[in-house]
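Hello,

Here is the structure I promised to pass on to you. Have a look at it first, and then read on for my notes on its charged side chains.

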Amino acid sequence: MSNKNSYKMYPSDWVNYTFDELFAFEGGLSISRANLSNEGICYLHYGDIHKTNDNYINIEKNFDSIPKYNKPLESINKKYLLNDGDIVFADASEDYEGIGKAVVVKNPSNIPFISGLHTIVARDKTDVLNNEYKRFFLSDWNIRKQIMLMATGISVYGLSQENVRKIKVTLPKRQEQQKIASILSTWDKAIELKEKLIEQKKQQKKGLMQKLLTGEVRLPGYSGEWKKVKLGEILKERKETGYTELELLAITSSKGVVKRTEVDIKDNSSEDKSKYKRILPNDIGYNTMRMWQGVSGVSKYEGIVSPAYTILKPTNKVNSNFIGYLFKLPKIINLFRRYSQGLVSDTLNLKYENLKGIKVTIPQDVEEQKKIAEILLSIDNEIEMLQEYVNYLKQQKKGLMQLLLTGKVRVKV
């Protein structure tokens, strides 16, 4: 520990430490995921650390979803048991940005919990750090930068316990840590409430889809007949190619048809776009190889998509958005799987020739289809607005963290 602050970016009354001064270290218990079950001692795998979004794991809250190691507690060395406030690092990652991802364990009831394969446990050996502050300071860019520079490897990146010991950090006193953590926790609660509201809206939409798209509940003013029709009678295939000047689009399972630039995956598209298919607004596009998983969407754009997609042009007998929602119903997705060809899941494909024979039941009145789609679209719009607000809150919190964790903005204690 040094009282002299070597980092000019921090206030002079903050103190420098190395992780070796703050923590005692242990490795994890080398157990394969193949040996895990739904019963036994809670087990933290390095892969589960990578899945967390907020740098902590609450064992009481997530008990049912945490994998278990079905062995007697007496057979486990106590050094592998995780305590409240322990920090657990994942020492391996296929993603450079994810190297050294860590979680703070929230386990006030001391539920038996062990760290596993490819983990490094940092356990307090001083009272310098406030437990709530830990999960925020782990996101401090100064710490993240040091960890990323320590990473070794090419396709899989590793982090050694010896290197973690060398990490340097500059800390305020515990009272200020607690105040900073309290402020940032308030932002977390606001974000959590909005995310719960989004989840409620999604469940509401799911229930409405089941009722409205099957005719189980009818809209006021509509009493016309619903009839079973073949998809080939209401949707024709569009096979237009050669529109290389149009923007490249993609079709995703969650967002439907989007601009390719909005998708955060590697661009594997061919330089020669002459065989790429044209898609127009209100067309329905789907992934021929993944329609059995519900990968489809209604397009808002004119553009081109990979030949791996099938493009459907609606007739005047249907509303595109109604069909787009219908294609997301589990029972319809199950039909897509039944009509797909291939020996195993990885080779299943649903070409138009097979899709056009599938029968669905829809309102004969296109206006009824339109009204049903409008209700579901309004919920989607509300969810999208809420998600944008959550993203805004997260950005605001990120900026505030940078100011508070470096002491550029001080709090009163």
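A good place to begin is lysine 394, which counts as partly exposed because its relative accessibility is 37%. Please keep in mind that this is a predicted model.

The side chain of lysine 394 meets that of glutamate 195 in a salt bridge, at 3.1 Å from N to O. Lysine 394 belongs to helix α11 (residues 366-405) and glutamate 195 to helix α6 (residues 174-212), so this pair ties together parts that are 199 residues apart in sequence. Glutamate 195 is partly exposed too, at 35% relative accessibility.

Some salt bridges share partners: Arg238, Glu240, Arg278, Asp283 and Glu302 are joined in this way into one network. The count for the model comes to 23 salt bridges.

Here are two more of the pairs. Aspartate 20 forms a salt bridge with arginine 165, and their closest N and O atoms are 2.9 Å apart. That pair links helix α1 (residues 19-22), where aspartate 20 sits, with helix α5 (residues 161-165), home of arginine 165, across 145 residues.

Aspartate 124 and lysine 134 also meet through their side chains in a salt bridge (2.7 Å, N to O). Here aspartate 124 is in strand β11 (residues 119-124) and lysine 134 in helix α3 (residues 131-137). Aspartate 124 is partly exposed at 32%, whereas lysine 134 is buried, with a relative accessible area of 0%.

Finally, look at the surface, where Lys228, Lys230, Lys331 and Lys359 gather in a patch of positive charge. Lysine 331, found in helix α9 (residues 330-339), counts as exposed at 52% relative accessibility.

Best wishes

Conventions: Residues numbered from 1 in each chain as written. Predicted model: local features only at pLDDT ≥ 70, side-chain atom pairs only at ≥ 80, totals over all residues. Heavy atoms only, no water. Patch = residues over 30% accessible without salt bridge, like charges linked within 9 Å, V, L, I, M, F, W, Y side chains within 5 Å. Areas by Shrake-Rupley, 256 points an atom, 1.4 Å probe, with all protein chains shown as cover. Salt bridge = Lys/Arg side-chain N within 4 Å of Asp/Glu carboxyl O. Lys, Arg positive; Asp, Glu negative; His and termini not counted. Charge placed at Lys NZ, Arg CZ, Asp CG, Glu CD. Helix = DSSP H or I, 4+ residues; strand = E, 2+ residues; numbered from the N terminus. Buried < 20%, exposed > 50% of the residue type's maximum accessible area, 1.4 Å probe, protein only.
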